[in-house]
Amino acid sequence: MITIEDILETNQMITVNKLDVRTITMGISLRDCAHPNLRDFCRNVYDKITRTAEFLVKTGEEIESEYGVPIINKRISVTPIAIVAESCKAESYVPIAETLDRAAKEVGVNFIGGFSALVEKGYTSGDRILIESIPQALAATDLVCSSINLASTKAGINMDCVREMGEVIKRTAELTRDKQAIGCAKLVVFANAPQDNPFMAGAFHGVSEPDTVINVGVSGPGVVKHALEDMKGANFTEIAETIKKTAFKITRVGQLVAQEASRRLGVPFGIIDLSLAPTPAVGDSVARILEEMGLEACGAPGTTAALALLNDAVKKGGLMASSHVGGLSGAFIPVSEDEGMIAAVKRGSLSIEKLEAMTCVCSVGLDMIAVSGDVSASTLSGIIADEAAIGVVNNKTTAVRLIPVPGAKVGDIVEYGGLLGYCPIVPVNKFSSEAFIARGGRIPAPVRSLTN
Amino acid sequence: MKLIVTVVGKDRVGIIAAVTKILADNNVNILSINQNILNGFFNMILFAEAGESKIRLVDLQQKLREQGEAIGVEIKTQHQDIFDVMHKI
């Protein structure tokens, strides 16, 4: 029997600690949409998305209401467009991005991900056209998200693509400069990208996935922080146990929502992504959890250890709560989307170098970091290469989502609004990586033994 | 389908009557009620079973929410499963 305390605890998590389900993401395969004629291909894509996801938003809203737990986003991920569009005779994939945008707006989702290419070992013609189309595609659309996987533990790092993506990010920033380079907030560069990630901007529907699938991303940093507030002076064994128990409860809600969405939509359940996803709202921050463990400010020595413990305990607690776990699962540390991270950058306790160290132990990478518009393409590429190396060597997913804001300087603050938040411009190392990045080629896959 | 109705707000005459009338009108059976007054504030958690009811949960939620607004209390109606999954293994 459920007790009164249980009911009050659950409702407090939702109303006070901002527990929510961050996203229900429907993965849709577009493999059956391929057509040599671009117009026919776009029509196939539009029809399939609008037909398959017709009831996604309505179903999400019903579940939200019936269980009384907010479901913040309803989203769609599709097969990487570079793969399914490759047989089209087209010189640009911008019209495909516009089609995705229209389809997403028609069904009412927040974002659609999958304007993507997987090029860790090299390019096909479709990959080249897609990457070339990214800046224009992101400038011409509102809801389309793009991602490129350019490195993996099995293949190494495609340094030609690393160089190219620095330039693509710069061009995207330039084309969306009137909106503070918001195009770059919809573009992620990955190493070891997961095929079933429900979170944007990096979601795409992997080629080994079923025709359609429901993946759910949970959230709940506020709930974890609240649980730790009662643990002043407790040791780390006790802290880890508390985080595990809290993560279990959070994930069970995600599992319930995923099962219900799957049943009502008649679409197979894929995975729960166990990530603690923050928002810019006060009380919904991963940085504040780290500070609750005893750090004066996020970024202080000890931050990486605190994050490692948090990330591990969230996974351990969440794993038992869900039948299938996948995606990025861990803790997210996006700067602009986390009120505590923003405050830490403002007060000078958190630098991009410390963030890089933190990405060695958490679920993603250098995420939503605004940098000055005069940071060069090769410096961006250098940062991407470093992140990719961390992912490749440590057999984990890493990603980079940097926003070089044209005209902005260190000390300025850029505002994106909503879940994307706001961000002080983060200083970047001034020394050049140009000759390093200019080499191109591939960094070989790392040895997996002799692990020192 | 089991439901949990939580009601919180300033105490006044007829809160339970107003809530339970809507439940009865819609063929929802009450299993248990836990209610008290704390510093003039009314708190109630009501367990109900809607097995025989024809009404959709979202419609029942709306009726209760509107009634709550009319009498100055917050009424939240939830499917019991969310509590079960969180607190039972």
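I take two residues to be in contact if their C-beta atoms, placed from the backbone, lie within 7 Å. The model I examined is a predicted one.

**Entry 1: the sheet of chain B**

With that contact criterion I turned to helix 1 of chain B, residues 15-25, and found that it lies across strand 1, strand 2, strand 3 and strand 4 of chain B. Its direction runs at about 20 degrees to strand 3 of chain B.

I then looked up the sheet itself. It is an open sheet of 4 strands in chain B, with antiparallel pairing and the order 2-3-1-4. Strand 2 (29-38) and strand 4 (73-79) of chain B each have a single partner strand, so they stand at the edges and one side of each lacks a neighbour in the sheet. From one strand to the next I note an average twist of 10 degrees.

For one pairing I went into detail. Strand 2 and strand 3 (residues 41-49) of chain B run antiparallel and are joined by 9 bridges. I traced B:Q35 to its bridge partner in strand 3 of chain B, which is B:M44. I also recorded that helix 1 of chain A (residues 4-15) packs on this sheet, where it touches strand 1 (2-10), strand 2 and strand 3 of chain B. The direction of this chain A helix makes about 75 degrees with that of strand 1 of chain B.

**Entry 2: the contact between the chains**

I listed the residues on each side: chain A contributes 17 and chain B contributes 18. On the chain B side, the elements giving two or more residues are strand 1, helix 2 (57-71), strand 4 and helix 3 (81-87). Helix 3 of chain B gives the most, with 7 residues. By character, I recorded the chain B side as 8 nonpolar, 7 polar and 3 charged residues.

**Entry 3: A:C33**

I located A:C33 in the loop between strand 1 (21-28) and helix 2 (38-52) of chain A. Is A:C33 buried or exposed? The cut-off for buried is 20 or more other C-beta atoms within 10 Å; A:C33 has 21 such neighbours, and therefore counts as buried. Leaving aside residues up to four places away in sequence, A:C33 touches A:F41, A:N44, A:V45, A:K48 and A:V84. Between the C-alpha atoms of A:C33 and A:K48, which are 15 residues apart along the chain, I read a separation of 7.9 Å.

**Entry 4: chain A as a whole**

I noted 15 helices and 14 strands in chain A. Its radius of gyration is 21 Å, which agrees with the value near 22 Å for a compact globule of 452 residues. Buried residues make up 61% of chain A. Of the contacts in chain A between residues at least 6 apart in sequence, 80% join residues at least 24 apart.

How values were computed. Residues numbered from 1 in each chain as written. Chains lettered and ligands numbered in written order. Predicted model: local features only at pLDDT ≥ 70, side-chain atom pairs only at ≥ 80, totals over all residues. Pairing = 2+ DSSP bridges. Axes fitted to C-alpha atoms, helices over the stretch in contact; angles between N-to-C directions. Nonpolar A, V, L, I, M, F, W, Y, C, P; charged D, E, K, R; others polar. Buried ≥ 20, exposed ≤ 12 C-beta atoms within 10 Å, placed from the backbone. Rg over C-alpha atoms; globule rule 2.2 N^0.38 Å.
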